[in-house]
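Subject: Structure for your study

Dear colleague,

Please find below the structure that I am handing over to you. I would be grateful if you kept it open while reading the notes that follow.

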Amino acid sequence: MKIDILTLFPEMFTSPFNASIIKRAMDENIVEISTLDFRQYGIGKHKIVDDTPYGGGAGMLLKPEPIFEAMDEINAADPTAEKRIILMDPAGKPFNHELAEDFSKSDHLVFICGHYEGYDERIRTLVTDEVSLGDYVLTGGELAAMVMIDATVRLLPGVLGNVDSAKEDSHASGLLEYPHYTRPAMYRGMEVPEVLRNGNHQLIEKWRHQESLKRTYDRRKDMLKNYPLTEEDKQFIQQLINPIQK
Ligand code: ADE
């Protein structure tokens with residue numbers, strides 16, 4: 001996968017992508033990540049990239065020319081690939097696991113990061129997706145792009161050591177992940193559940209599924225609306241709601 005990031009602050013990406021799993025994925029050529037500082041396409045001697053809004057109002061807007069010219073450069077280098085062009089925008093659709101999976105299927109992603117200001121509306125004609133990291137405003141799109149790239153790259157084949165480890169993630173199954181334990185079996189009075197230590201895999205699977213249901217019910221009831229609950233699941237949840245009823 002190729003990832004290009006249009007940003008005025010390429011140095012922000014150095015450290016996060018130079019460690020751990022993303023670095024390994026880059027070293028193994030599973031992903032190639034490049035930044036493009038679109039200030040080089042800024043206007044005039046001062047390389048201006050923003051301007052005041054027509055019609056008045058507070059704040060500055062990113063001008064169209066630097067972003068369009070940066071996109072021309074990216075398209076010229078890779079004219080045939082179908083690209084996902086992703087605009088970082090707090091007013092975009094919220095990023096989630098499903099979108100990360102969708103992005104991970106593309107051969108070429110381009111992230112456009114604004115900073116401080118909004119976008120000239122014409123920039124939106126270049127993009128396939130307008131995406132927000134969450135319902136808050138960051139100082140720029142860079143941190144949002146880093147998070148989205150991290151969540152996407154870890155889903156690429158060969159990036160995680162254990163092929164199963166992404167499948168059981170919280171959110172991948174539609175439920176939050178069940179609790180995990182490792183040795184010792186007893187620590188400061190806290191004991192690892194007996195069922196996990198008795199080696200009965202059927203019982204372990206059932207316990208894990210029910211703990212996932214319980215955790216999702218406690219923390220994220222909204223997720224259960226989209227999850228295909230079996231009759232047994234529904235009975236289990238009913239018991240959580242009303243433990244006295246049998
Ligand atoms: N830029 C500023 N805030 C943002 C957010 N929440 N998501 C994506 N890009 C942003």
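In which loop does E168 lie? This residue is found in the loop between α4 and β9 (186-187). Please bear in mind throughout that the model is predicted.

E168 and its surroundings

E168 counts as partly exposed, because its relative accessibility is 43%, and the range for that class runs between 20% and 50%. Leaving aside neighbours within four places in sequence, E168 is in contact with E177 and Y178. E168 and Y178 are 10 residues apart in sequence, and their C-alpha atoms are 9.2 Å apart in space.

Y178 also appears in relation to W207: the C-alpha atoms of these two residues are separated by 8.7 Å, although they are 29 residues apart along the chain. W207 is found in helix α6 and is buried, with a relative accessible area of 17%. Apart from its neighbours within four places in sequence, W207 is in contact with P179, Y181, P193, V195 and L196.

Helix α6

Helix α6 covers residues 201-219, which makes 19 residues. From its first C-alpha to its last it reaches 27 Å, close to the 27 Å expected at 1.5 Å a residue. At the N-terminal end of α6, N200 acts as a cap: a side-chain oxygen of N200 lies 3.1 Å from the backbone nitrogen of Q202.

Which residues of α6 are buried? They are I204, W207, Q210, E211, S212, L213, T216 and Y217. The cover over these buried residues includes α5 (194-197), α7 (221-224) and α8 (231-241).

Helix α4 and a nonpolar patch

Helix α4 has 12 residues, which should span 16 Å at 1.5 Å a residue; the end C-alpha atoms are 16 Å apart, so the two values agree. The buried residues of this helix are E142, A144, A145, M146, M148, I149, T152 and V153.

L143 also lies in α4, which runs over residues 142-153. L143 is partly exposed, with a relative accessible area of 44%. Together with Y136 and L138, L143 makes a nonpolar surface patch of about 270 Å².

R84 and its partners

Is R84 buried or exposed? R84 is buried, because its relative accessible area is 18% and the cut-off for buried is under 20%. The place of R84 is in strand β5 (residues 83-94).

The side chain of R84 makes a polar contact of 3.2 Å with the side chain of D102. Another polar contact, of 2.8 Å, joins the side chains of R84 and D129. Not counting residues up to four places away in sequence, R84 touches L99, D102, F103, S106, H108, L109, V110, T128 and D129.

Salt bridges

Side chains of opposite charge can pair when their charged atoms come close. How many salt bridges does the count come to? The count comes to 18 salt bridges.

One of them is formed by the side chains of K63 and D51, at 4.0 Å from N to O. K63 lies in the loop between β4 (61-62) and α2 (64-77), and D51 lies in strand β3 (residues 50-51), so the pair ties together parts that are 12 residues apart in sequence. K63 is buried, with a relative accessible area of 16%, whereas D51 is partly exposed at 38% relative accessibility.

A further salt bridge is found between the side chains of E121 and R124, at 3.2 Å from N to O. E121 is exposed, because its relative accessible area is 56% and the cut-off for exposed is over 50%.

R220 forms a salt bridge with D222, and the closest N and O atoms are 2.9 Å apart. R220 is partly exposed at 31% relative accessibility, and D222 is partly exposed with a relative accessible area of 37%. In addition, salt bridges that share partners join R84, K93, D102 and D129 into one network.

I suggest reading each section with the matching residues in view.

Yours sincerely,
A colleague

How values were computed
Residues are numbered from 1 along each chain as its sequence is written. This is a predicted model: local features need pLDDT of at least 70, side-chain atom pairs count only at pLDDT 80 or more; totals for chains, interfaces and linings use all residues. Side-chain values use heavy atoms; hydrogens and water are left out. Patches are made of residues with over 30% relative accessible area and no salt bridge: like charges are joined within 9 Å, nonpolar side chains (Val, Leu, Ile, Met, Phe, Trp, Tyr) within 5 Å. Accessible areas come from the Shrake-Rupley method with a 1.4 Å probe; for residues, only the protein chains shown count as cover. Helices (H or I, at least four residues) and strands (E, at least two) are DSSP runs, numbered from the N terminus. Buried means under 20% relative accessible area, exposed over 50%, partly exposed in between (1.4 Å probe, protein chains only). The expected span of a helix is 1.5 Å times one less than its number of residues. Contact means heavy atoms within 4.5 Å. A polar contact is a pair of N or O atoms within 3.5 Å; within protein, one must be able to donate a hydrogen and the other to accept it, and residues adjacent in sequence count only if both atoms are side-chain atoms.
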